[in-house]
Amino acid sequence: DYGISDFGWEDIKKKTGSYPLDGLGMHIYPAPESTDFRIIKSRMDINTDAMWNAMVKYEGPLTPKKIWLSELGWRSTVVGDDGQAMNIRASYEILRDDPRYALVTWFSLQDFEPDETWGLFRVAGFEEKDRKKAFYTFREFAR
């Protein structure tokens, strides 16, 4: 709305057929205390549909633009090491074939203090001994 009202994006769209955006970025942390696939899928669907509907509202239903999911994650101190790995598997199984997405990335590479245990590695370092179960699951899905 700000680009339209203050920066003349309507003129750009009239000339080019599109607003000057490559896509939409979002961060989602669906069901942060859950490892239930159905709950996670439901929350992801709600978030994805809301974002996509906003894109289509402005760009139209035939837009080639995509959603860039730049943060997704669960804390292992909340769902456990097994739960974090399961949720990586669930989230990538849900999102990997959704044509509305250009990219899905995990937050974060490494845990950070005090209870920020989002990472694929423990806070101690990047040695093999610091890898969490999530690391191996992530590698399985990384393409």
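## A loop with an unusual residue

A31 sits in the loop between strand 1 and helix 3. Keep in mind from the start that this is a predicted model. What makes A31 worth a stop is its backbone: phi is near 50 degrees, a positive value in a residue other than glycine. Most residues other than glycine have a negative phi, and most peptide bonds are trans. Is A31 buried or exposed? Its relative accessible area is 4%, so it counts as buried.

The other backbone oddity comes later in the chain. F107 and S108 are joined by a cis peptide bond, with omega at about 5 degrees. To find S108, look in the loop between strand 3 and helix 5. F107 also turns up in a group of rings: ring pairs tie it into a cluster with Y29, F112 and W118.

## The sheet

Now for the strands. There are 3 of them in an open sheet, ordered 1-2-3, and the pairing is parallel. Strand 1 and strand 3 are at the edges with a single partner strand each, so each has one side with no neighbour in the sheet. From one strand to the next, the twist averages 20 degrees.

Let's take the pairings in turn. Strand 1 (residues 23–28) and strand 2 (residues 66–72) run parallel and are joined by 6 bridges. Within that pairing, G25 has W68 of strand 2 as its bridge partner, and L24 stands opposite I67, also in strand 2. On the other side, strand 2 pairs with strand 3 (residues 101–104) in the parallel sense, over 3 bridges. Here the bridge partner of L69 is V104 in strand 3. W68 appears again too, with L103 of strand 3 as its bridge partner.

## Getting from strand to strand

How does the chain travel between these strands? Strand 1 and strand 2 are joined by 6 bridges. To get from strand 1 to strand 2, the chain passes through helix 3 (residues 37–59), in a β-α-β crossover that is right-handed. The next step, from strand 2 to strand 3, goes through helix 4 (residues 76–95), and this β-α-β crossover is right-handed as well.

Helix 3 also packs on the sheet, where it touches strand 1, strand 2 and strand 3. Its direction makes about 155 degrees with that of strand 1.

## Inside the fold

In soluble globular proteins, nonpolar side chains tend to be buried together. Which residues touch the most other members of the largest nonpolar core here? They are M44, L69, L72 and L95, out of 25 residues in that core. The elements giving two or more residues to the core are strand 1, helix 3, strand 2, helix 4, strand 3 and helix 5.

L69 is a good one to click on. Leaving aside neighbours within four places in sequence, L69 is in contact with M26, H27, I28, L95, Y101, L103, V104 and T105. V104 in that list is the residue we met as the bridge partner of L69 in strand 3, and L95 is another of the core residues that touch the most other members.

Helix 5 has its own buried residues: A134, F135, T137 and F141. Where do they pack? Against helix 4.

## Rings that meet

A pair of aromatic rings is described by the distance of the centres and the angle of the planes. Searching the whole structure turns up 13 aromatic pairs. One of them is Y92 with F138, an edge-to-face pair at 6.1 Å centre to centre, with 80 degrees between the planes. This pair links distant parts of the chain, since Y92 is in helix 4 and F138 is in helix 5, 46 residues apart.

The two partners don't share the same surroundings in terms of solvent. Y92 is buried, because its relative accessibility is 7%. F138 has a relative accessible area of 23%, so it counts as partly exposed.

## Out on the surface

Let's finish with R143, in the segment after helix 5 (133–141). Is R143 buried or exposed? With 79% relative accessibility, it counts as exposed. R143 still has contacts: not counting residues up to four places away in sequence, it touches R96 and D97. As for N47, it lies 96 residues from R143 in sequence, and the two are 23 Å apart in space, C-alpha to C-alpha.

Definitions and conventions. Residues numbered from 1 in each chain as written. Predicted model: local features only at pLDDT ≥ 70, side-chain atom pairs only at ≥ 80, totals over all residues. Heavy atoms only, no water. Pairing = 2+ DSSP bridges. Helix = DSSP H or I, 4+ residues; strand = E, 2+ residues; numbered from the N terminus. Right-handed = clockwise from strand over helix to strand, strands pointing away. Buried < 20%, exposed > 50% of the residue type's maximum accessible area, 1.4 Å probe, protein only. Contact = heavy atoms within 4.5 Å. Core = buried A, V, L, I, M, F, W, Y, C linked by side-chain atoms within 4.5 Å. Phe/Tyr/Trp six-rings, centres within 6.5 Å; stacked < 30°, edge-to-face > 60°. Axes fitted to C-alpha atoms, helices over the stretch in contact; angles between N-to-C directions.
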